Amino acid sequence: HTMTIRRRKIRFIVKELLAQAKVNGPPVPIVELARTQGLDLRLSLDPDSNISGFLFLGGEKPIVGVNMSQHGNRQRFTVAHELGHFLLHKFLLQELYVDHSFQVLLRDERSSEGTDEKEQEANLFAAELLMPIDFLRKHVQVSTRVDIEDDAFLRELAKRYQVSQQAMVFRLTNL
């Protein structure tokens, strides 16, 4: 299955990225990372828009737009997601690539089947980058089995990584 091969590749790219930037613990400085990769970040405030972000490749510098009216954790995920598109798909994308408010949790098969592979990869990239497995191991190994029901622990963990609790639960169940 192509996605499993890509999973390795994505994890490898993320590891390199974090190593180059000498990031060794959460929260991952996603904005700085995006900028070091040559992305120009533009913030827009549009509470009515269902667009989380976009990637524009038509100018001399790639531009990432982020909807500032969404929660800060969400914005971080959007930046990571767009960076994923940029690093993984820049030769496959058209000039303007818009991401509507995607559901990070793809619970039912239909929605995850229907999601195009590039979206799945960009989501995986964002999850790997914002919640790197090596960092998580340090925080989670204490309890051999993470209790997904333990709200206080998850809230604390999510806060430390600056991601939503939902994203953290999803990440831990998928690891």
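Two residues count as being in contact when heavy atoms of theirs lie within 4.5 Å. In this predicted model, take the contacts between residues at least 6 apart in sequence: 66% of them join residues at least 24 apart. The protein has 175 residues, and 42% of them count as buried. Its accessible surface comes to about 9900 Å², with 52% of that belonging to carbon and sulfur atoms.

Now for the parts list. The protein has eight helices and four strands. Reading from the N terminus, the elements come in the order α-α-β-β-β-α-β-α-α-α-α-α.

The strands make a good starting point. They form an open sheet of four strands in the order 1-3-2-4, and the pairing is mixed. Strand 1 (40-44) and strand 4 (96-100) sit at the edges with a single partner strand each, so one side of each has no neighbour in the sheet. On average, neighbouring strands here are turned by 15° against each other, if direction is ignored. Helix 3 (residues 72-89) packs on this sheet and touches strand 1, strand 2, strand 3 (63-67) and strand 4. The direction of helix 3 makes about 30° with that of strand 2.

How do the strands pair up, one by one? Strand 1 and strand 3 run parallel and are joined by five bridges. One of the pairs in this stretch is Asp-40 with Ile-63, its bridge partner in strand 3. Strand 2 and strand 3, on the other hand, run antiparallel, with four bridges between them. Here Gly-53 stands opposite Val-66 in strand 3. A hairpin of six residues carries the chain from strand 2 to strand 3. Strand 2 (residues 51-56) also pairs with strand 4, in the antiparallel sense and over five bridges. Along that pairing, Phe-56 stands opposite Leu-96, and Phe-54 has Val-98 as its bridge partner.

Which residues lie on the covered face of strand 4, and which on the uncovered one? Tyr-97 and Asp-99 make up the covered face, while Leu-96, Val-98 and His-100 make up the uncovered one. So far as bridge partners go, Val-98 has already turned up opposite Phe-54, and Leu-96 opposite Phe-56. Strand 3 tells another story: five of its five residues are buried. Both of its faces are covered, with Ile-63, Gly-65 and Asn-67 on one side and Val-64 and Val-66 on the other.

Back in helix 3, one residue deserves a closer look. His-81 lies in this helix and is buried, with a relative accessible area of 0%; the cut-off for buried is under 20%. His-81 and Phe-125 are 44 residues apart in sequence, yet their C-alpha atoms are 6.7 Å apart in space.

Further along the chain, the helices pack on one another. In helix 6 (residues 133-140), the buried residues include Ile-133, Phe-135, Leu-136 and Val-140. Seen down the axis of helix 6, its buried residues fall within an arc of 155°, so they line one face of the helix. Helix 8 (residues 165-174) has Ala-167, Met-168, Arg-171 and Leu-172 as its buried residues. Looking down the axis of helix 8, these fall within an arc of 130°, so here too the buried residues line one face.

How do helix 6 and helix 8 sit against each other? They pack at an angle of about 90°, and their axes are 12 Å apart. That makes helix 6 roughly perpendicular to helix 8, a label that covers angles from 65 to 115 degrees. At the meeting point, Ile-133, Leu-136 and Val-140 in helix 6 touch Met-168, Arg-171 and Leu-172 in helix 8. Those three residues of helix 6 are among its buried ones, and the three from helix 8 are among the buried residues there.

Helix 8 has a second helix to deal with. Its axis and that of helix 7 (residues 151-161) come within 9 Å and cross at roughly 100°. Helix 7 and helix 8 are therefore roughly perpendicular to each other. From helix 7, the residues taking part are Asp-151, Leu-154, Arg-155, Leu-157, Ala-158 and Tyr-161. They meet Gln-165, Met-168, Val-169 and Leu-172 in helix 8. Met-168 and Leu-172 thus appear in the contacts with helix 6 as well as in those with helix 7.

How values were computed: Residues numbered from 1 in each chain as written. Predicted model: local features only at pLDDT ≥ 70, side-chain atom pairs only at ≥ 80, totals over all residues. Heavy atoms only, no water. Helix = DSSP H or I, 4+ residues; strand = E, 2+ residues; numbered from the N terminus. Buried < 20%, exposed > 50% of the residue type's maximum accessible area, 1.4 Å probe, protein only. Areas by Shrake-Rupley, 256 points an atom, 1.4 Å probe, with all protein chains shown as cover. Pairing = 2+ DSSP bridges. Axes fitted to C-alpha atoms, helices over the stretch in contact; angles between N-to-C directions. Arc of directions from axis to C-beta. Parallel < 35°, antiparallel > 145°, perpendicular 65-115°, else oblique.
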